[in-house]
Amino acid sequence: MTRRTAFGIRACTWVWLIMMGLTLTTYLIGRFAIGGLGVSLTVLVFALIKGQMVGDYFMGLKRVRGFWRWPVSLWLFLPGGLIGAAFALVG
Amino acid sequence: MAAVSYPIGTAGPLQAQSTIESNRFPPGDLAIWVFILAELAAFGAFFGAYAFTRMRNVEMFNHYQASLDSDAALINTFALITSSYFVVRAVAAIREDDSRGCVQWLLAALAMGLLFLVVKGHEYVHHIEAGIRLSTNKFYMFYLSLTFFHFMHVIMGMVILAAVAVKANRGGYSDREHTGVETGASYWHMVDLVWLILFPLVYIMR
C-alpha cells in the first residue's frame, strides 16, 4: 500500500535544521544554568514545537484528516500542560 | 484500511507534495499506531509523575539534575533528530523506487541510533561507577527508569529498522508497496518524539 503523507525533502530538511537549532538553544540554556519559571516554560515550548514538527512533517500527520490527525498533538498538549502546570505551581 | 495508489510515471512524491490529497489514516500499518499511542500514553504518565514528584522535592531535583552530563544529552538529541531525518529520506527514497537509497539512509539512521546507545551507555557506566542506583533518591529513580525505558525503545526501534533494511536490500519494497518502511519509520519517529520531551524535562528544566 502506498500513500504519500510526508512532505517534501526540502521542507523536512528545514524542519531538521530548525529542530537542531532549538536543541542547541535548549542546551545552552542548561549549560549556563539559566533557571526560572519563564526560562523553563520557554524550553518546554521549544520541546513541544519540535514534537509537533516531528508529528506534522516526519510522521506526515499534517496530511492526515480525521481522528488520526490529532493524537500526537493531544499527547504533546496533555503531558506538556501537566509539566508546565507542575513547574508553574512551584514558581 | 483505505489505500491510495499512484501510477508509476506520475509526478514523483517529492514534487507532488503540495497537491496531494489528505489521507484518513497515518502512514504505515494502523496497528503500529495503536501501539505508538499506547507507548506515548505510558511515557506521558511517566513525565507527569516526574513533574509532580519534583514539585515536592524541587531543591533535591535541581541539585542532582546539575550532576547529569548535558553534553552527552545534546549529542544524543542531535543523533536522534538526525536519525529521524535520515528515516524520512529512506521513506522518500523507496517512494521513488530507490531500494538502494532506502537501505543507505536506513543504515545511516541506524548508525545514529548506535551513537545514541554508545553515549547513553557511557553515561550509565559513569553512574554505576559512582554508585548511583534506582534507590539512591527520587530524582535518580525517575532519571534512570525514564531514560532506560526509552533506551530499550531505541534498541527495539533499531531492530525494526534493521529488519526493514534487510528486506529493502532484498528488493522487498517498491514505490507501490512500502508499508513496512513507513511502519518502521513511524515507530522510530515516536522514539525521537519521546526523547524531545525527555531531554529538556530531565536535563534542562529547573
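This is a short selection-by-selection tour of a predicted two-chain model.

Residues are numbered from 1 along each chain as its sequence is written, and chains are lettered from A and ligands numbered from 1 in the order in which they are written. Because the model is predicted, local features need pLDDT of at least 70 and side-chain atom pairs count only at pLDDT 80 or more, while totals for chains, interfaces and linings use all residues; side-chain values use heavy atoms, with hydrogens and water left out.

**Stop 1: chain B as a whole**

Color chain B by secondary structure and you'll find six helices and zero strands. Here helices are DSSP runs of H or I with at least four residues, strands are E runs of at least two, and numbering goes from the N terminus. Of the 206 residues in chain B, 55% count as buried, meaning under 20% relative accessible area with a 1.4 Å probe and protein chains only; exposed is over 50%, and partly exposed is in between. Take the contacts in chain B (heavy atoms within 4.5 Å) with a separation of 6 or more: 82% of them join residues 24 or more positions apart.

**Stop 2: helix 1 of chain B**

Now select B:30–55, which is helix 1 of chain B. Its end C-alpha atoms sit 38 Å apart, which agrees with the 38 Å that 26 residues should span at 1.5 Å a residue; the expected span is 1.5 Å times one less than the number of residues. Just at the start, show B:Asp29: one of its side-chain oxygens comes within 2.9 Å of the backbone nitrogen of B:Ala31. That's a polar contact, a pair of N or O atoms within 3.5 Å; within protein, one must be able to donate a hydrogen and the other to accept it, and residues adjacent in sequence count only if both atoms are side-chain atoms.

Add helix 2 of chain B, residues 58–65. The two axes come within 6 Å and cross at roughly 115°; axes are lines fitted to C-alpha atoms, for helices over the stretch in contact, and angles run from 0 to 180 degrees between N-to-C directions. Among the residues meeting here are B:Tyr50 and B:Arg54 from helix 1 of chain B, and B:Phe61 and B:Gln65 from helix 2 of chain B.

**Stop 3: across to chain A**

Select A:71–89, helix 3 of chain A. Its buried residues include A:Trp75, A:Leu76, A:Ile83 and A:Phe87. What lies over them? The cover includes helix 2 of chain A, plus helix 1 and helix 6 of chain B. Zoom in on A:Ile83, whose contacts include A:Leu44, B:Phe47, B:Ile197 and B:Leu201. Right after this helix, A:Gly91 has a positive phi, near 70°.

**Stop 4: the largest nonpolar core**

A:Ile83 is also among the residues with the most contacts inside the largest nonpolar core, which has 90 residues; A:Phe58, A:Trp75 and B:Phe47 are others. Such a core is a set of buried Ala, Val, Leu, Ile, Met, Phe, Trp, Tyr and Cys residues joined through side-chain atoms within 4.5 Å. Highlight helix 6 of chain B, which gives the largest share, 17 residues.

**Stop 5: two residues to finish**

Is B:Thr82, in helix 3 of chain B, buried or exposed? B:Thr82 is buried, at 7% relative accessibility. A polar atom of the B:Thr82 side chain lies 2.7 Å from the backbone oxygen of B:Phe78. B:Thr82 also touches A:Trp16, A:Met20 and B:Met112, leaving aside residues up to four places away in sequence.

Last, pick B:Asp97 in the loop between helix 3 and helix 4 of chain B. B:Asp97 isn't a glycine, yet has a positive phi of about 65°. B:Asp97 is partly exposed, with a relative accessible area of 42%.
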